[in-house]
Each structure stands twice: as structure tokens, then as C-alpha cells.
Amino acid sequence: MPSKPRKGPRNTQLGAGVMLYSRSKIHKAKGRGLVKKTAKPVDNSRIMKMPKKAAPVAKLRTSLTPGTVVILLAGAFRGKRVVYLKRLDSGLLLITGPFGVNGVPLRRVNQAYVIATSTKLDISSVKIPDRINDAYFKKVEEQKKSAPIEDAKPKEAKKKKDLLKPERLEDQKAVDSQLMNLVGKKTTMAAYLHSRFSLHQGEFPHMMKFQTQLCTRQLYLN
């Protein structure tokens, strides 16, 4: 049966000024609250574009001088004692193990992730190649080779292999050979660079004095 037409208002008074439906519900049912939104074109000419400024280079700490033995705090070689060689234009530190002592190659590291010790080597006679700069450490990716359809495996992800530049091997040997002569002059220096730094219970790095002697942890008493 067809519905009978409604007689009277939709919203009735229940009593004492209380209505059956609220005002917002009635407006929503009649569609009065709907507002058509029209897209307005945006004028990009009025938007101010700030020029991008390069990050300023941080000031080098006074405790970091060429030849200082530093402790790495992060990365794959964290805890290793390495030799600081020089500072690059980007503000990063150029360090090395040497590689023959603790396996740390020529690398860049931020000074925020190293602890400077009181141990130093006189590297004034060490000649570092001028080509070792920030661009020297850029990675060279192997060119992709098109594989045949039969051998193609879409589900298996192929990892990109990083190729090591041949000049990096030559520079590593050249720098390490000079440093090994200086390390060999001190009896405990090779063992000191080979050992890994670690903290034990009740030891705090900000209260510690880093010395060359092995297995000694002297704390400040004052």
C-alpha cells in the first residue's frame, strides 16, 4: 500500500517547549546546512620562496688535533680507537685505524660521534694525498645488466654491490705504511689501538681521563 501523505509539521512539540527533533537535525534533513564548495585557483606568484642556505660548518673542538687518537661512538666500528688525520671541507673528520691494526679503513666521521683522548701521534711527516676529499668517498654503483627472462626472479630483491675504487686501496696502503712506522716506535701503541673501548658498571665517560696505558681507567677525584 502506498504511504499516506504526512499531515502537519514534521517536528512536533513534546511539551514545555521541548521539540521532537533538534534544530540542527531539521536543517540537515532539509539540506539547508549544505554549502557548495568551489575550488579557487591559487596564485603562486604571491607565495614567498625563501632561499635555501647551506648548513654552517661546526667549529672544531680544541681537543681534536691531527694525530689525536679518538674513540668512535657510532657506526660499524663503534668502540674502536683510531687516528684523526685531518678535517675535510664539509667539517667531517678523516680517520684511519690503521687498517692493519684494528681493521678501520680511511673514513669520514662527524666530530659529535668521537671522544678525543690524551694520546697523540706526531703525524707531521705523514703525507696524505690531496685527492682525499668529500667527493673521494662517493659510492660507485655497479651498472645494471639485463637478465634473461628465464632467470628473472621478480620476488627476489637484488642487492646493489658497491665497487671499491682502486685508488682507495693504494691510498690506504700509502697512509698505513707511514702510520705503522710511527706506531711501531711506541711499545704499547699497537695494542692500545687494537683494543676496543667499553664501559663497566659505575664508570662514566664524562668523569674519565683517557690515557695510553692498557687496562687502566683513572677517574678524576676532584
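Tyr21 is found in the loop that runs between β2 (18–19) and α1 (23–30), where helices (H or I, at least four residues) and strands (E, at least two) are DSSP runs numbered from the N terminus. The model is a predicted one, in which local features need pLDDT of at least 70 and side-chain atom pairs count only at pLDDT 80 or more, while totals for chains, interfaces and linings use all residues. Residues are numbered from 1 along each chain as its sequence is written, and side-chain values use heavy atoms, with hydrogens and water left out.

Tyr21 counts as partly exposed because its relative accessibility is 32%; buried means under 20% relative accessible area, exposed over 50%, and partly exposed in between (1.4 Å probe, protein chains only). Together with Leu14, Val18 and Leu20, Tyr21 forms a nonpolar patch on the surface, with about 360 Å² of accessible area in total. Such patches are made of residues with over 30% relative accessible area and no salt bridge, nonpolar side chains (Val, Leu, Ile, Met, Phe, Trp, Tyr) being joined within 5 Å; a salt bridge is a side-chain nitrogen of Lys or Arg within 4 Å of a carboxyl oxygen of Asp or Glu. The areas come from the Shrake-Rupley method with a 1.4 Å probe.

Strand β3 (residues 68–72) is mostly covered, with five of its five residues buried. In a regular strand the side chains alternate between the two faces of the sheet. Both faces of β3 are covered, since Thr68, Val70 and Leu72 on one side and Val69 and Ile71 on the other are all buried. The pairings of β3 are set out below, two strands being paired if DSSP finds at least two bridges between them.

| Partner of β3 | Sense | Bridges | Residue opposite Ile71 |
|---|---|---|---|
| β7 (residues 114–120) | antiparallel | four bridges | Ile115 |
| β4 (81–87) | antiparallel | three bridges | Arg81 |

The largest nonpolar core (buried Ala, Val, Leu, Ile, Met, Phe, Trp, Tyr and Cys residues joined through side-chain atoms within 4.5 Å) has 21 residues, of which Leu85, Leu94, Ile123, Ile132, Leu179 and Leu193 touch the most other members. At least two residues of this core come from each of β4 (81–87), α3 (166–184) and α4 (189–194), and α3 gives the largest share, four residues. Apart from this core lies another, of twelve residues, including Val82, Tyr84, Val104 and Val109.

The peptide bond from Gly97 to Pro98 is cis, with omega near 0 degrees, and Pro98 lies in the loop between β5 (93–96) and α2 (99–102).

How values were computed. Patch = residues over 30% accessible without salt bridge, like charges linked within 9 Å, V, L, I, M, F, W, Y side chains within 5 Å.
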